[in-house]
Amino acid sequence: MVARCVPHGASRRAMSAWEHFEHEADIGVRGRGATLAEAFAQAALALTAIVTDPALVAPRVPVTIRCEAPDPEFLLVDWLNALIYEMATRHMLFSRYEVRLEGDRLEATAWGEPVDRSRHQPAVEPKGATFTALQVARQGEEWIAQCVVDV
């Protein structure tokens, strides 16, 4: 499965979407998509949206990310934590994602740019994806991928 994810408002399948949900002092991220890969890509976009408006992030620099986990729930947490690691160590934000899933493996490309504090105005720094409210499941015609992110 391959999914491409672009900022909200750009051309994409009607079913693809991301959103946040409230959780005490932290924040939940949820991705929806016609495929599991698309839901993972949308969850990543929701992660970016915790920090800044994804539309402000230019998809200039590609970064390859690989994860492997025994089930889709663990894979979602590993994927989001890998993105958080890349954001922190490279001092980058990402706004475009291409996710490929094959069994228990994820390979993705995230496109972004270095953080520009004046333009991106980062709100918070995500510390890690957690197992709280973790769900990866098919609901009707769409896939849902969600968890709470510690901020």
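Student: Is Phe-74 buried, partly exposed or exposed in this model?
Tutor: This is a predicted model. Phe-74 has a relative accessible area of 39%. Buried needs under 20% and exposed needs over 50%. Phe-74 therefore counts as partly exposed.

Student: Which residues does Phe-74 touch, leaving out residues up to four places away in sequence?
Tutor: Phe-74 lies in helix α2. With residues up to four places away in sequence not counted, Phe-74 touches Ala-69 and Phe-131.

Student: How far apart in space are Phe-74 and Val-136, C-alpha to C-alpha?
Tutor: Along the sequence, Phe-74 and Val-136 are 62 residues apart. In space, C-alpha to C-alpha, their separation is 9.3 Å.

Student: Leu-80 is also placed in helix α2. Is Leu-80 buried or exposed?
Tutor: The relative accessibility of Leu-80 is 0%. The cut-off for buried is under 20%. Leu-80 therefore counts as buried.

Student: Which residues are in contact with Leu-80, leaving aside neighbours within four places in sequence?
Tutor: Take Ala-44 as a start: its C-alpha atom is 6.5 Å from that of Leu-80, though the two are 36 residues apart along the chain. With neighbours within four places in sequence left aside, the contacts of Leu-80 are Val-29, Ala-43, Ala-44, Leu-47, Ala-129 and Cys-147.

Student: Now the helix pair. At what angle do the axes of α1 and α2 cross?
Tutor: Two packed helices are described by the angle and the distance between their axes. Helix α1 spans residues 36–51 and helix α2 spans residues 72–90. Their axes come within 11 Å. The crossing angle is roughly 40°.

Student: What is the orientation of α1 and α2 to each other, in a word?
Tutor: The axes cross at roughly 40°. Roughly parallel would need an angle under 35 degrees, and roughly perpendicular would need 65 to 115. The two helices, α1 and α2, are therefore oblique.

Student: Is the crossing of α1 and α2 left-handed or right-handed?
Tutor: The two axes come within 11 Å of each other. Where α1 passes α2, the crossing is right-handed.

Student: How many nonpolar residues are in the contact of α1 with α2?
Tutor: From α1 come Leu-36, Phe-40, Ala-43, Ala-44, Leu-47 and Val-51. They meet Pro-72, Leu-75, Leu-76, Trp-79, Leu-80, Leu-83, Ile-84 and Met-87 in α2. By class, the contact has no polar and no charged residues, and its nonpolar count is 14.

Student: Turn to the strands. How many bridges join β3 to β9?
Tutor: Strand β3 covers residues 26–33 and runs antiparallel to β9. Val-29 stands opposite Cys-147 in β9. The number of bridges between β3 and β9 is seven.

Student: What is the bridge partner of Ala-129 in β9?
Tutor: Strands β7 and β9 run antiparallel, joined by two bridges. In β9, Ala-129 has as its bridge partner Val-149.

Student: Which residue in the turn between β8 and β9 has a positive phi?
Tutor: Strand β8 (residues 135–139) and strand β9 (residues 142–150) run antiparallel, with five bridges. In this pair Ala-137 stands opposite Ile-144. The two strands form a hairpin with two residues between them. The positive phi, about 65°, belongs to Gly-140.

Student: How many of the nine residues of β9 are buried?
Tutor: β9 is mostly covered. Of its nine residues, the buried ones number seven.

Student: Is His-91 buried or exposed?
Tutor: His-91 lies in the loop between α2 and β5. Its phi is near 55°, a positive value in a residue other than glycine. Exposed requires over 50% relative accessible area. At 54%, His-91 is therefore exposed.

Student: What is the relative accessibility of Gln-121?
Tutor: Gln-121 lies in the loop between α3 and β7. Its phi is positive too, near 40°. Gln-121 counts as exposed, with a relative accessibility of 58%.

Student: Is Thr-109 buried or exposed?
Tutor: Thr-109 lies in strand β6 (residues 105–114). With residues up to four places away in sequence not counted, Thr-109 touches seven others: Pro-62, Val-63, Thr-64, Arg-96, Tyr-97, Glu-98 and Arg-100. Its relative accessibility is 12%, so Thr-109 counts as buried.

Student: What share of the chain counts as buried?
Tutor: The chain has three helices and nine strands. It is 151 residues long, and the buried share is 47%.

Note on methods:
Residues are numbered from 1 along each chain as its sequence is written. This is a predicted model: local features need pLDDT of at least 70, side-chain atom pairs count only at pLDDT 80 or more; totals for chains, interfaces and linings use all residues. Side-chain values use heavy atoms; hydrogens and water are left out. Axes are lines fitted to C-alpha atoms, for helices over the stretch in contact, and angles run from 0 to 180 degrees between N-to-C directions. Helices (H or I, at least four residues) and strands (E, at least two) are DSSP runs, numbered from the N terminus. Angles under 35 degrees count as roughly parallel, over 145 as roughly antiparallel, 65 to 115 as roughly perpendicular and the rest as oblique. A crossing is left-handed if the near helix is turned anticlockwise from the far one by less than a right angle, and right-handed if clockwise. Contact means heavy atoms within 4.5 Å. Ala, Val, Leu, Ile, Met, Phe, Trp, Tyr, Cys and Pro count as nonpolar, Asp, Glu, Lys and Arg as charged, and the others, Gly among them, as polar. Two strands pair if DSSP finds at least two bridges between them. Buried means under 20% relative accessible area, exposed over 50%, partly exposed in between (1.4 Å probe, protein chains only).
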